[in-house]
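Me: Please take a close look at one part of this protein with me, and then show me what lies around it. I am new to this, so explain each term as you go.

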Amino acid sequence: MVVLSPLSLFTSNQLVPSNMFLREQARTVMQQNKWQPCSSAISKPTLQSGFCRRELLLFGLSAPVLVVLPSSGSLAEEDLKMATFVDEINSCSYLYPVELQSKKVIFKWVESRKPERYSSAAPLSPDARLRIVSERVDIVDNLIISISIGPPNSKIIKSLDKRTWTAKDVADSVLADKSALRVTSSQRMAESSVLDAHSGEIAGEPYWYYEYLVRKAPTKTAEESNNYRHYVASTTERDGYLYSINASTLNKQWNIVGPILQKTIASFHLLPPTENYVPPYKDPWRFW
């Protein structure tokens, strides 16, 4: 189920040609401050196609058209409209951008994977430990937001006390299980480079935040790509499983859309379970 906050959307969509992006990017300064977790009480709403199509989008082979943020590099709260996504099956929620009012830009989101239970979700690696339970993409602006669930990697996280876990260990645990290639955990981690990792709390529960680059090309035989994807992510734990949100775009457009994705990551939080909640450990054999 997706709940959208009331929005008054523009009817036109003003996009920027790719030749203007270089000029905007040169004068856009990325904010270096770490993003902060949002409170669990949010008062203001601030392709399951095959491997080929999704990976083409991941590595930017779709020739995206870019949006423009304010030239000062800062993002005014009143300029960005966000909607609320609620997943009752997995009991989690986040905000995602829908409109930049000053530029009359509307994000073209497609819900490529509707929320589903862990047991029937698409695996991110051959061992099927980490699985995508929901995903939305904006093909025009080359943005992806996904929720994944999986158990901690016991080779990296050895303690059962989650309050002793470091953000770097949590990031390494998630990234070690995130690969479409049949490689070892250490090789999967080598595909990614963690740029930052820190922790916070929401409603007394620890959340781990991290930023990373994915460096390799989408296929094992292809040459390594210089067109990296830039990710921000947040992970928390419930019922012995890690719940993670990942938001990404092409590295070359990070200075423009990075601050927006950071707002999405900071808003991610678990919800109190309802009767619709299906814990990951329930019916692990069920694939429908």
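In strand β11, which residue is the bridge partner of I149?

Reply: The bridge partner of I149 in β11 is Y243. Before we build on that, here is how to read the model. It is a predicted one, in which local features need pLDDT of at least 70 and side-chain atom pairs count only at pLDDT 80 or more, while totals for chains, interfaces and linings use all residues. Residues are numbered from 1 along each chain as its sequence is written, and side-chain values use heavy atoms, with hydrogens and water left out.

Let's start with the strand itself. Helices (H or I, at least four residues) and strands (E, at least two) are DSSP runs, numbered from the N terminus. Strand β11 covers residues 241–250, and 10 of its 10 residues are buried. Buried means under 20% relative accessible area, exposed means over 50%, and partly exposed is in between (1.4 Å probe, protein chains only).

Now for the partners of β11. Two strands pair if DSSP finds at least two bridges between them. One partner is β7 (residues 143–150), which runs antiparallel to β11 and is joined to it by seven bridges. Another is β10 (residues 229–238), also antiparallel, with 10 bridges to β11. In that second pairing, T249 of β11 is the bridge partner of H230. Strands β10 and β11 make a hairpin with two residues between them, and D239 in the turn has a positive phi of about 55°.

Next, look at what packs together here. A nonpolar core is a set of buried Ala, Val, Leu, Ile, Met, Phe, Trp, Tyr and Cys residues joined through side-chain atoms within 4.5 Å. The largest one has 37 residues, and Y94, Y96 and F268 touch the most other members. Strand β11 supplies at least two residues of this core, as do β1 (80–87), β2 (92–100), β7, β9 (205–214) and α5 (254–267). Apart from this core lies another, of 17 residues, including A233 and L242. Back to Y94: leaving out residues up to four places away in sequence, its contacts (heavy atoms within 4.5 Å) include I145, I147, I245, T264 and F268.

Helix α5 fits into the same picture. Of its 14 residues, 12 are buried, so α5 is largely enclosed by the rest of the structure. Among the buried ones are W254, I260, L261 and T264. You can also check its length: the expected span of a helix is 1.5 Å times one less than its number of residues. For α5 that should be 20 Å, and its end C-alpha atoms are 19 Å apart, which agrees.

Charged residues come next. Side chains of opposite charge can pair when their charged atoms come close. A salt bridge is a side-chain nitrogen of Lys or Arg within 4 Å of a carboxyl oxygen of Asp or Glu. By this rule the count comes to seven salt bridges. One of them joins E237 and K162 (2.9 Å, N to O). E237 lies in strand β10 and K162 in the loop between β7 and α3 (167–176), so the pair ties together parts that are 75 residues apart in sequence. E237 and K162 are both buried. Follow the shared partners and you find K162, E205 and E237 joined into one network.

The loop between β7 and α3 has another salt bridge, from R163 to E201 (3.3 Å, N to O). R163 counts as partly exposed because its relative accessibility is 48%. K158 is in this loop too, and at 67% relative accessibility it counts as exposed. Its side chain reaches the backbone oxygen of K155 at 3.2 Å. That is a polar contact: a pair of N or O atoms within 3.5 Å, where, within protein, one must be able to donate a hydrogen and the other to accept it, and residues adjacent in sequence count only if both atoms are side-chain atoms. So, starting from Y243 and I149, you have followed β11 to its partners, then to the core it helps to supply, and on to the salt bridge between E237 of β10 and K162.
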